[in-house]
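Please open the structure in your viewer and keep the selection tool at hand. The tour below moves from one stop to the next, saying at each what to select and what is there.

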Amino acid sequence: MNQDAEVTFEAIDNSESGDGGVEHGALLSRLCEAIYNEDQNQLASIKDQVVESAGADVLVDAVAVSAHFYMMTRIADATGTPLDAGSVEPSIQIRELVGVNAFTSRREAQK
Amino acid sequence: MPAYSTELPLRSDLNDTHEELAKRWATTGLWWSGAERLAIVEEVRSARDSEPLAPWESPSQVEGLIPDDNVLPSAAVDAIWRITNHPGTLTAEWHASIVGQGLDPEAYAELVGVVAQANAVDRFADALNLERVSLPEPSRLEPARSPDPSVQVSSHWVPTAQIKGPNVVKALSAVPFENESMQLLSSVQYVGLGDLLADLVSDQNSLSRMQVEVIAARTSKLNECFY
């Protein structure tokens, strides 16, 4: 699958803003929201849309990636993992854009 | 026997790795026996399937919620529920209160590894309406429960080894078996951790790397994870 050259953070911030330059970006973002919400009707509808628009293999792979971050987020948050030294400065603008600075884990990982 | 039976085009490496993870959960750890590690996975499932509790509510204090014959200590049960259902609310003070109840810091790290893996594997099955992976018989060997003097609390709340790599890989370095399990899952569900920054452009199975990162970042944000 391909994407346009210019990529923004819209699909990360929420699923209403657009694809952010990533093919099916908004749809994949909505899939993540449905997995998180565990609303079976919402999830069934989005999964059908993903299969129709992108294929069943994309659905399986996308669910696998999203599920993986139920592990990574819990490892990071339950161990007080701080940002890597080399990524603090370069990620300032990104963190502002995607709105994660208010998270408890931002404050607590520094303790 | 494969982990899942489905008509979906499930990759064999995913199926095999989830089956392998179930076997690893049943293996004797450094701090928890095979039976206790499987009890941790079962507790993750209970936490996910029960009526939600507020973050400040401890399941061990809710009458009738946790059976009296549970093989896990109350602090472990409370940690499993909180990490599973409210990861975005975890604080250094909360962590201190858990290990302050007698849970060894390295045992806590092993618990985090198993809890996190079970959340990933079960979330995958649930989202695709698959039967959750079945749990094998536990190993009968007893864990060594022997502190490693080479691991220390430095950058994280938990003790870590002096290894190079991203801080999230260092997080479970006191329990290398869990770090290995994390990397097994990463290689089939995300990106091999060795390629994390070395290759930013290659497709990952049916997804472009940009699609993978959108999904990763959106999911992390929904889980209120800053890292």
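What follows is a walk through a predicted model, taken one selection at a time.

**Stop one: chain A as a whole**

Begin by selecting chain A and showing it as a cartoon, where you will find six helices and zero strands. Following the chain from its N terminus, the elements run α-α-α-α-α-α. If you colour chain A by burial, 47% of its 111 residues count as buried. Among the contacts in chain A between residues at least 6 apart in sequence, 32% join residues that are at least 24 apart.

**Stop two: where chain A touches chain B**

Now bring chain B into view beside chain A, and select the residues where the two chains touch, a contact that takes 56 residues from chain A and 58 residues from chain B. On the chain A side, at least two residues each are supplied by helix 1 (10–13), helix 2 (25–37), helix 4 (56–79) and helix 6 (104–108). Which helix of chain A gives the most to this side? Helix 4 of chain A does, with 23 residues. If you colour the side of chain A that touches chain B by residue class, you will see 31 nonpolar, 15 polar and 10 charged residues.

**Stop three: helix 4 of chain A**

Keep helix 4 of chain A selected and follow it from end to end: it has 24 residues and reaches 35 Å from its first C-alpha to its last, close to the 34 Å expected at 1.5 Å a residue. Of those 24 residues, 22 are buried, so helix 4 of chain A is largely enclosed by the rest of the structure. Just after this helix, select A:Gly80, which takes a positive phi of about 65°.

**Stop four: helix 8 of chain B, and its crossing with helix 4 of chain A**

Next select helix 8 of chain B, residues 209–222, whose 14 residues should span 20 Å at 1.5 Å a residue, which agrees with the 20 Å between its end C-alpha atoms. In helix 8 of chain B, 13 of the 14 residues are buried, so this helix is largely enclosed by the rest of the structure. The helix is followed by B:Glu224, whose phi is positive, near 55°.

With both helices shown, you can look at how helix 4 of chain A meets helix 8 of chain B: their axes come within 9 Å and cross at roughly 45°. The two helices are therefore oblique to each other, and helix 4 of chain A passes helix 8 of chain B in a right-handed crossing. To see the contact itself, show the side chains of A:Ala62, A:Val65, A:Ser66, A:Phe69 and A:Thr73 on helix 4 of chain A, together with B:Val212, B:Ile215, B:Ala216, B:Thr219 and B:Ser220 on helix 8 of chain B. These contact residues divide into six nonpolar, four polar and no charged.

**Stop five: two helix pairs within chain B**

Hide chain A and select helix 1 (residues 12–25) and helix 7 (residues 176–189) of chain B, which pack at an angle of about 165° with their axes 10 Å apart. That angle makes helix 1 of chain B roughly antiparallel to helix 7 of chain B, and their crossing is left-handed. Helix 1 of chain B brings B:Asp13, B:Leu14, B:Thr17, B:Glu20, B:Leu21 and B:Arg24 to the contact, while helix 7 of chain B brings B:Ser181, B:Leu184, B:Leu185 and B:Val188. By class, the residues of this contact are five nonpolar, two polar and three charged.

Move on to helix 2 (residues 34–49) and helix 5 (residues 105–127) of chain B, which pack at an angle of about 50°, with their axes 9 Å apart. Helix 2 of chain B passes helix 5 of chain B in a right-handed crossing. The contact residues to select include B:Ile40, B:Val44 and B:Arg48 of helix 2 of chain B, and B:Leu111, B:Ala118 and B:Asp122 of helix 5 of chain B. The residues of this contact divide into seven nonpolar, one polar and four charged.

**Stop six: B:Trp31**

Finish by centring the view on B:Trp31, which lies in the loop between helix 1 and helix 2 of chain B. Is this residue buried or exposed? With 23 C-beta neighbours inside 10 Å, B:Trp31 counts as buried. Leaving aside its neighbours within four places in sequence, B:Trp31 is in contact with B:Asp104, B:Glu106, B:Ala107, B:Glu110, B:Pro143 and B:Arg145. B:Trp31 and B:Asp104 are 73 residues apart in sequence, and 8.6 Å apart in space from C-alpha to C-alpha.

Terms used. Residues numbered from 1 in each chain as written. Chains lettered and ligands numbered in written order. Predicted model: local features only at pLDDT ≥ 70, side-chain atom pairs only at ≥ 80, totals over all residues. Axes fitted to C-alpha atoms, helices over the stretch in contact; angles between N-to-C directions. Helix = DSSP H or I, 4+ residues; strand = E, 2+ residues; numbered from the N terminus. Left-handed = near helix turned anticlockwise from the far one by under 90°. Contact = placed C-beta atoms within 7 Å. Nonpolar A, V, L, I, M, F, W, Y, C, P; charged D, E, K, R; others polar. Parallel < 35°, antiparallel > 145°, perpendicular 65-115°, else oblique. Expected span 1.5 Å × (residues − 1). Buried ≥ 20, exposed ≤ 12 C-beta atoms within 10 Å, placed from the backbone.
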